[in-house]
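Reader: I'd like a close look at just one part of this protein. Could you pick a piece, walk me through it, and then tell me how the whole chain looks around it?

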Amino acid sequence: MSGRDRFVQGWERGFTAGAGGVLAAMAGSYRRLVGAREWLYTRGLLRSRVLDCPVVGIGNLTVGGTGKTPAVELAVRTLMDLGHRPAVLSRGYGRRGGGVQIVADEASIRLDAEEAGDEPFLLARRLPGVPVVVGPNRYEAGRVARARFGVTAIVLDDGFQHRTLRKDLEIVMARAEQPWGNGRMLPGGPLREPLGGLSRAHLVVATGARRLDEAREVTATVARVAPAVPVLTAVHVPTECFESSAMRFVALDTLGRARLLAFAGIGAPAGFRRTLREAALTVVDFLEFADHHWYTREELARLERRAADVGADALVTTEKDWVRLRPLPPLKRPVYVLSVRLMLTSGEPHWRSAFQRIAGS
């Protein structure tokens, strides 16, 4: 097991006494810093800046994947259904360069994934015609979006802890299983802030659940710290599949006849495993990489050798991973890319009414 794997496992299940003690002390310092920041905002000593249009924030309480990117897409489509012309703002994690940059305008994608970040590039691809802007200062990025494109609403990707910009609707995403890991703050656990932060949310969406009784830890926590906040459930469902080198779309049942080596470098690879299982695909091996991992030629060669060792006919990965594979030469075996969308499985009226509430603001 690699050092990264041991660390992630510790976040999920707890560390040994020695490591846990050191990390707990560091987490205490981090908790005090977060608490001081919250105190300053609560008392008005720090203030959130305001844009002159509705702002929706999609975020989470933990480090790692909770399905924020598909939720951003769903939020944008909901706003469009209500007559808005939205833009997406993102920090652009891992991108080259700095400052405010336009990833996509109404006509085309203007930056590649290396310059935009993998998630903003993916959102630009999934949402043609929707402006996508990246920048560390979301307020300034929002002003650019308003001035350049005349958008009438903003969706913030990974914006829950971004307090410098006021949001009209805060949506927190959480995994249905082990949503808070070991329940400790960074770096001793995956929490970015205490669970009490859920009280700032307007909606909490538990991903990987079809019913509320499949998200008991999420519902119990919200009932304890934010009882007025509705909890919704959602799953990721495949929308399309394509072969990466030829960009040829294929039917999912075609993959059902193949032996597949799956791989993913995302925050919650277990979610991708579940999607593959629910699609009834035959996965003979599954390899995990770090979130936002940019692949090398050597790693692709190792994937090719592993596919041969396990008798795989082809490989399958996520659309976000494909974004980071595009600059590399194709493999000998087909690499299939599975696109997914977020489908609400309970609480959809809460989602709709929350967006309707801000649509006219």
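Author: Sure, and I'll start from the outside: the protein chain exposes about 16000 Å², with carbon and sulfur atoms supplying 52% of that area. Keep in mind that this is a predicted model. Of the 361 residues in the chain, 53% count as buried, and the part I'd zoom in on is strand 6, residues 169-175, where seven of seven residues are buried.

Look at how its side chains alternate. Leu169, Ile171, Met173 and Arg175 point one way, while Glu170, Val172 and Ala174 point the other way, and all of them are buried. So you'll find the charged names Arg175 and Glu170 on that buried list too.

Now for the neighbours. Strand 1 (residues 55-60) runs parallel to strand 6, and five bridges join the two. One spot to click on is Asn60, whose bridge partner in strand 6 is Met173. Strand 7 (residues 203-207) is also parallel to strand 6, again with five bridges between them. Over there, Val172 stands opposite Val204.

Zooming back out, the chain has 12 helices and 13 strands. Its radius of gyration is 20 Å, close to the 21 Å that the globule rule gives for 361 residues, so the chain is as compact as a globular protein of that length. The C-alpha trace spans about 60 × 55 × 40 Å along its principal axes. Among contacts between residues at least 6 apart in sequence, 76% join residues at least 24 apart. As for charge, the mean positions of the 51 positive and 38 negative charges lie 5 Å apart.

Terms used: Residues numbered from 1 in each chain as written. Predicted model: local features only at pLDDT ≥ 70, side-chain atom pairs only at ≥ 80, totals over all residues. Heavy atoms only, no water. Buried < 20%, exposed > 50% of the residue type's maximum accessible area, 1.4 Å probe, protein only. Helix = DSSP H or I, 4+ residues; strand = E, 2+ residues; numbered from the N terminus. Pairing = 2+ DSSP bridges. Rg over C-alpha atoms; globule rule 2.2 N^0.38 Å. Contact = heavy atoms within 4.5 Å. Areas by Shrake-Rupley, 256 points an atom, 1.4 Å probe, with all protein chains shown as cover. Lys, Arg positive; Asp, Glu negative; His and termini not counted. Charge placed at Lys NZ, Arg CZ, Asp CG, Glu CD.
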